[in-house]
Amino acid sequence: MKPLVFCCALLLAPVAAAEAPLLTARGRVDASHLSLLGGTQGVGVGFLLARAPQPDARPTAYGGEFFVQPTPGVLELRGAGQWQLSPGVGPFSASAQLGLTAYGVVRGPADVGLGPHAGLFAGLGGTHVEGFLGAQAGLEAFLRTGGPRVPLRLLLGGRGRLGAVGLALSARAGVDLERGVQATWRGDVLLALDWYGTGPNPETGRVPVAPPP
């Protein structure tokens, strides 16, 4: 029991580490929305902007996140594109992610970093309920501490939507490889509260119209 508690504490401990974007880390491209983010490492805000449905074109989206880790004093700015690899219909989905994360340490010795991230994801479900899993990898360099650092992550999560409100829970764990030798274990759990507004229905592309009285 004690080794299990120690491993969980090590994975979820607040540490200064940049992470890949999460709002585009799904098996299916979601509808456009705004998000409030909160988790074991900190809090943040984000958005997802999905391209309007096009004939004979698979869904794509672009997202951005601003995340604050208050304990180590870390600020992160994350951005990524998401391209759905599978057809838009059907319960199974797959997508690819490519993005960039900028990172700054504002407490203690200051440092800034930058690096690309990429991911592959698979999902099961539809536009309103989905479970998903995937893997992310990156390559980061830092002004003061140098690099490179290679973060490798496995991700598991689920999301649901009711009307204009959605909720998503994601868990991520893996290692940071530094200088090809050192390996530091990382992990975080993140809850996202999503607001889809009153835009077009993601399944029909039309705004729902209430029936006349």
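**Exercise 1. The first hairpin**

Task: S1 and S2 form a hairpin; find how many residues lie between them, and then place Gly 38 among its strand partners.

Solution. Start with the connection: three residues lie between S1 and S2 in this hairpin. The model you are looking at is a predicted one. Next, check the direction of pairing. S1 covers residues 33-39 and S2 covers residues 43-50, and the two are antiparallel over six bridges. Now look at Gly 38: across from it in S2 stands Val 43. S1 also has a partner in S11 (residues 182-195), again antiparallel and joined by six bridges. On that side, the residue opposite Gly 38 is Leu 191. Gly 38 thus stands opposite Val 43 in S2 and opposite Leu 191 in S11.

**Exercise 2. The overall picture**

Task: Describe the order of the secondary structure elements in the protein, then its burial and its surface.

Solution. Begin by counting: the protein has one helix and 11 strands. Then read from the N terminus, where the helix comes at the start and the strands follow, in the pattern α-β-β-β-β-β-β-β-β-β-β-β. For burial, take the 213 residues of the protein, of which 41% are buried. For the surface, about 11200 Å² is exposed, with 75% of it supplied by carbon and sulfur atoms. Finish with the contacts: among those between residues at least 6 apart in sequence, 55% join residues at least 24 apart.

**Exercise 3. Following S3 into S4 and S5**

Task: Trace the pairing of S4 with S3 and with S5, and find the turn residue that has a positive phi.

Solution. First take S3 (residues 60-69) and S4 (residues 74-84), which pair in the antiparallel sense over 10 bridges. One point of reference is Thr 60, which faces Trp 83 in S4. Second, inspect the link: S3 and S4 make a hairpin with four residues between them, and in its turn Gly 73 has a positive phi of about 75°. Third, move on to S5 (residues 92-105), which is antiparallel to S4 over 11 bridges. Here Leu 75 is a handy marker, standing opposite Gly 104 in S5.

**Exercise 4. A glutamate in S3**

Task: Is Glu 65 buried or exposed, and which backbone nitrogens lie 2.7 Å and 2.9 Å from polar atoms of its side chain?

Solution. Locate Glu 65 in strand S3. Its relative accessible area is 3%, and because buried means under 20%, Glu 65 is buried. Now turn to the side chain. A polar atom of the Glu 65 side chain lies 2.7 Å from the backbone nitrogen of Leu 22. For the backbone nitrogen of Leu 23, the distance to a polar atom of that side chain is 2.9 Å. Lastly, widen the view beyond neighbours within four places in sequence: the contacts of Glu 65 include Pro 21, Leu 37, Val 45, Gly 46, Glu 76, Leu 77 and Arg 78, along with Leu 22 and Leu 23.

**Exercise 5. From Leu 155 to Ala 171**

Task: Compare the accessibility class of Leu 155 with that of Ala 171, and list what each touches.

Solution. Leu 155 lies in strand S9, while Ala 171 belongs to S10 (residues 165-178). Leu 155 has 4% relative accessibility and is buried. Ala 171, at 34%, is partly exposed. Leaving out residues up to four places away in sequence, Leu 155 touches Leu 22, Ala 25, Phe 132, Leu 133, Gly 134, Gln 136, Ala 171 and Arg 172. With that exclusion applied to Ala 171, its contacts are Leu 154, Leu 155, Leu 156, Asp 188 and Val 189. Two C-alpha distances complete the solution. Leu 155 is 8.6 Å from Phe 121, with 34 residues separating them in sequence. Ala 171 is 6.1 Å from Gly 157, and these are 14 residues apart in sequence.

**Exercise 6. The second largest pocket**

Task: Which elements give two or more residues to the lining of the second largest pocket?

Solution. Take the volume to begin with: the second largest pocket holds about 240 Å³ of space. Among its 15 lining residues, Tyr 103, Asp 111, Arg 144, Thr 145 and Arg 149 are the closest to its centre. The elements that give two or more residues are S5 and S9 (146-162). S9 supplies the largest share, with four residues.

Definitions and conventions. Residues numbered from 1 in each chain as written. Predicted model: local features only at pLDDT ≥ 70, side-chain atom pairs only at ≥ 80, totals over all residues. Heavy atoms only, no water. Buried < 20%, exposed > 50% of the residue type's maximum accessible area, 1.4 Å probe, protein only. Contact = heavy atoms within 4.5 Å. Areas by Shrake-Rupley, 256 points an atom, 1.4 Å probe, with all protein chains shown as cover. Pairing = 2+ DSSP bridges. Polar contact = N/O pair within 3.5 Å; in protein donor to acceptor, adjacent residues only side chain to side chain. 1 Å grid on protein atoms, 1.4 Å probe; cavity = no way out; pocket = protein on both sides within 12 Å on 5 of 7 lines; lining within 4 Å. Points joined across faces, edges and corners; volume = space filled by probe spheres on them.
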